[in-house]
Protein chains: 2
Amino acid sequence: MTLRFAIHHRSTSSGARTGRVETPHGAFDTPAFMPVGTRGSVKGLLPELVARTGAQIILANTYHLLLRPTPSTVAALGGLHRLMGWPGPILTDSGGYQAYSMADLNAVDDDGVTFRSIVDGSEVRLTPESAIAAQNALGADIIMAFDDCPPSIAAPEPGPIAADPRLARVLRRDAQLDPRARLLLANERTVRWLQRCKDAHGRAHDQALFGIVQGGADLDQRTWSVLRVCDIDLPGYAIGGVAVGESPDDIARVVRHTAPQMPEHKPRYLMGVGYERDIVAAVRAGVDMFDCVLPTRNGRNANAFTPAGQIRLRNARFADDPEPIEPGGACDCEACRPVWTGAPGPFSRGTLRHLFMSGEMLGPILVSLHNLRYFQRLMVDIRRTIRDDDWPGFARRWPAAGM
Amino acid sequence: MTLRFAIHHRSTSSGARTGRVETPHGAFDTPAFMPVGTRGSVKGLLPELVARTGAQIILANTYHLLLRPTPSTVAALGGLHRLMGWPGPILTDSGGYQAYSMADLNAVDDDGVTFRSIVDGSEVRLTPESAIAAQNALGADIIMAFDDCPPSIAAPEPGPIAADPRLARVLRRDAQLDPRARLLLANERTVRWLQRCKDAHGRAHDQALFGIVQGGADLDQRTWSVLRVCDIDLPGYAIGGVAVGESPDDIARVVRHTAPQMPEHKPRYLMGVGYERDIVAAVRAGVDMFDCVLPTRNGRNANAFTPAGQIRLRNARFADDPEPIEPGGACDCEACRPVWTGAPGPFSRGTLRHLFMSGEMLGPILVSLHNLRYFQRLMVDIRRTIRDDDWPGFARRWPAAGM
C-alpha cells in the first residue's frame, strides 16, 4: 500500500476523528488543511514559508499544469516535488473540475471531455486514462480520479462560485438538459470512469489514487454513488461536487449524509471546502482532509481571517493602526509575529494597508501567510478538540466557526 | 557623531578601501550595496529574506513615502524600521531626484520644487526644510540632502533611463534653457540648499545627513561642487547626478575625478549605480556605498545576473533545463541553493521559466533574491579583493565586470 492511515482519536459526541496519513514523501496529521498551489506554486510564497505555516501537504491542479508547462516538462524537471520545491506530500486533482468549470466546453461524452486551453486556445482532450497519465507524470503522492462533475442541481441560488461567468456558461448549457437526467448520467459515468482510472494507473506502487463520490445535492444519488465508488478498492475516497455554490447548510447536509457511509478506515477528503464552519461541520461528520483557495485568494485581496471574522485591511480605519492583524499575540504567523529574530516587531495593520494601497507584493504575501497560518491553527485546535472532546471550548475560541 | 566610519584596508593599486560604518541601528561593511525598498518594501521580499542575501543596509524613497502613506503615518506606525520590518541601517533619499524625474514639474525655484503627486494629482511642495522634515519623521539612519538635480548635459545620447518618457519630458523642458546656465544654477543652488538642510535637521543626534556633490559631466563643475559641498561639515557625502543616462565610460570618468577629492575619512556614496563594471570602477576610485534597483527590477523581469552576464529566463531554451541559474553550486541564493533544509533541491531554470510564463509571483521573488545575492556576493568579493589587492583574480571571477 502506498498510503497508510492510522486513526488516533475519536470524538465521542460526533463522527470526528484524528489520525495520520503516511505517504512516500512523509506524513500529515488529520484532519488536514491543504494549501492550494494551482500552477505549482502557492502564490507568492517560498515553500519554506508555506511549511512554516504548519502545512504538511499541499495541492496542485493538473488542469493548469497539463496546459503549462505540461506533465512531460514537469517530469523532465524532476517531478512535481522538485517543481514546487516541496519535500512533503502533494495531492493533485484530476483536472476534471476545471475542465468543466473553467474552459469553453466543446464536448463531454462517454469517453471524456474536450475543451479549449485557456493558455493558447488549442483543443485539449481529457479522458480517465489521460488524466491519470498526466498525474503519473507529475508524480504527486495522492492523485484523484477523473470524474464527471456536473453543477449541483439543488443549489437554491447561484453562490459566489456559480456567479463566476465561466461556470455560469456551463450552468446555462446544462440547463438545456434535464438536470436530473444529467446528474444520473454523471453519477453513473463517474463510476465507470473510476474503474478506468484504476486500470490505467501506472504508479500504484507510489501514488495513492482516490475515488470521488458524486451525486449533487440528491441524498439518494449520494448513497448510490458512495456504494458504487467505494466498492472499487482504493486507498482513499473524496466527496466531490459540493462547494459549487450551495449554502453552508446544504454543504453540511450532503456531507453529513455521505461521509459516514464512506469506508471507516480510509481517509475521507472533502474537495474545495471551505470556510471555518464548513470545515468544522465536515470534521464532525468524519472528514479528514480539506483544501481551499480561500486563505490565499482572500489574502491577496487584503482580507485577513481572524477568529472573530474577516477584516478588510484596505479599510481606511486601519491607516494609522499600529496593531498586528490579531492583537494580543494569539497569532504566530510571519505578519503578526515574525520568526526572524531580527524583526523589529509585527507588521502592523497600517503597514499592511499601505502595502496593499501601494500595490506592493509584500501585502498579498504577508496576509496569505497569515491566513494560511490561521487555517493551520484552526486545524491544530480541531485535532486537539477531537482528542479532548471539548467542542464548547472550541466554539468559544473560534466564533467565526459559527457553532 | 551619529555615524562612525572606520577604514580597514586600502588597495595599493587604486583608491579602493574597505571599512565599516556604524549607525544607531547597527553596522555595515563597505564597499556596500543597498537594495532598494522604494515604498517601504524591497518588492516581494520578506525582510528576513533580504537579510539572507547578505544585505546589511537598505534604502527607501522619501518621494514615494511622502505621497503615501505620508511621513506622519509612518511615524504613527512606529517609524520606518517598523514599517519596513528591518532592524538594521536604512538610508532615505530626499525625494529630489524623483520630484524632478517622475512628476509633472510645475516649478523649480530658488526655494524648492512644486510638482503633482503621482498618487492623487494633488500639488506637492518640496523644499530643503520639508524634505528634511519628512526624513526626520521617517527616521532612517542616513538621510540625504535635498538637491537640485538637473539632467546631465553631457550624456552623448539618451541611455535606458533617459529613454523613460517621464525623464524625457524634463529633458525637453530643460532643452529650452541654456543647459550650461541650468547646470551652474543647479550646482550653486545645491550648495545653498545643503546649508538649509543642515540647519533644518532636527535629528542630527541619531540621523546622519549626507551632502550631495553635483556638477553633471563637467569636471570643473564637479570640482567646484565637491569643494563647496564638502566644506559643509557632515558625516558623509554622495555623488549625485550620474547614472542618468551616461555611458559607463562617462560614469567612470566623473567618479574617478570626483571621489578622490571627497573627504578621505568619511563614507562616499555613489547614488543609483549600477552595473557590475560601474560599481567596480567606482570602488577603485574610492567609493564606499552603492544603491540600485537593477537586481530587483531585472529580477522581476526574469533577467538573472551571473558572473558571465545576464540570462533571460523567459527564453524557450530554458523550458526543460533542470539546472539552477548558476550551475555548479557557486551561488548560495534561495533559488540556486535554498537554505531550508527541507528543500528537495534548487529551483531549476525550467521551473523559473514556468513561474514567469504563468505569471506566478514566485518567479519575480526567486530571481530578485538571486540577483540581490549576486550583488552581495560581488561586494563580498570586492572587499576581499581590496584586502588581498588581487584585481586580476577578481577580473577572472567576474567577467561581467568587464575589467
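In strand β3 of chain A, A:Asp29 is the bridge partner of A:Arg20, helices (H or I, at least four residues) and strands (E, at least two) being DSSP runs numbered from the N terminus. The model is a predicted one, where local features need pLDDT of at least 70, side-chain atom pairs count only at pLDDT 80 or more, and totals for chains, interfaces and linings use all residues. Residues are numbered from 1 along each chain as its sequence is written, while chains are lettered from A and ligands numbered from 1 in the order in which they are written.

Back to the strands. β2(A) and β3(A) (residues 26-30) run antiparallel and are joined by 5 bridges; strands pair if DSSP finds at least two bridges between them. With 2 residues between them, β2(A) and β3(A) make a hairpin. β2(A) also runs antiparallel to strand β1 (residues 4-10) of chain A, this time through 6 bridges, and here A:His9 has A:Thr18 as its bridge partner. That gives another hairpin, β1(A) and β2(A), with 6 residues between them. As for β2(A) itself (residues 17-23), 5 of its 7 residues are buried, so the strand is largely enclosed by the rest of the structure. Buried here stands for 20 or more other C-beta atoms within 10 Å of the residue's own, exposed for 12 or fewer, and partly exposed for anything in between, with C-beta atoms placed from the backbone.

The domain assignment splits chain A into domain 1 (4-292) and domain 2 (300-392), such bounds coming from an automatic or database domain assignment. The C-alpha centres of the two domains of chain A are 28 Å apart. Their contact draws on 24 residues from domain 1 of chain A and 22 residues from domain 2 of chain A, contact being counted if C-beta atoms, placed from the backbone, lie within 7 Å. On the domain 1 side, β2, β4 (32-34), α1 and α11 (276-284) of chain A each give two or more residues. That side divides into 11 nonpolar, 8 polar and 5 charged residues, where Ala, Val, Leu, Ile, Met, Phe, Trp, Tyr, Cys and Pro count as nonpolar, Asp, Glu, Lys and Arg as charged, and the others, Gly among them, as polar.

One of these elements, α11(A), has 8 of its 9 residues buried, so it is largely enclosed by the rest of the structure. Among the buried ones are A:Glu276, A:Asp278 and A:Arg284. The cover over the buried residues of α11(A) includes α10 (248-258), β13 (268-270), β14 (289-291) and α14 of chain A. Just after α11(A) comes A:Gly286, with a positive phi of about 105 degrees.

Now for the two copies. A turn of 180 degrees with a shift of 0.0 Å along the axis lays chain A on chain B with an RMSD of 0.0 Å, superposed by least squares on the C-alpha atoms of residues with pLDDT of at least 70 in both. The copies are thus related as by a two-fold rotation axis. Between them, 42 residues of chain A are in contact with 42 residues of chain B. α13(A) supplies the largest share of the chain A side, 5 residues, and that side divides into 20 nonpolar, 14 polar and 8 charged residues. Of the interface residues of chain A, 100% are also interface residues in chain B, so the copies meet through the same surface.

Methods:
Contact = placed C-beta atoms within 7 Å.
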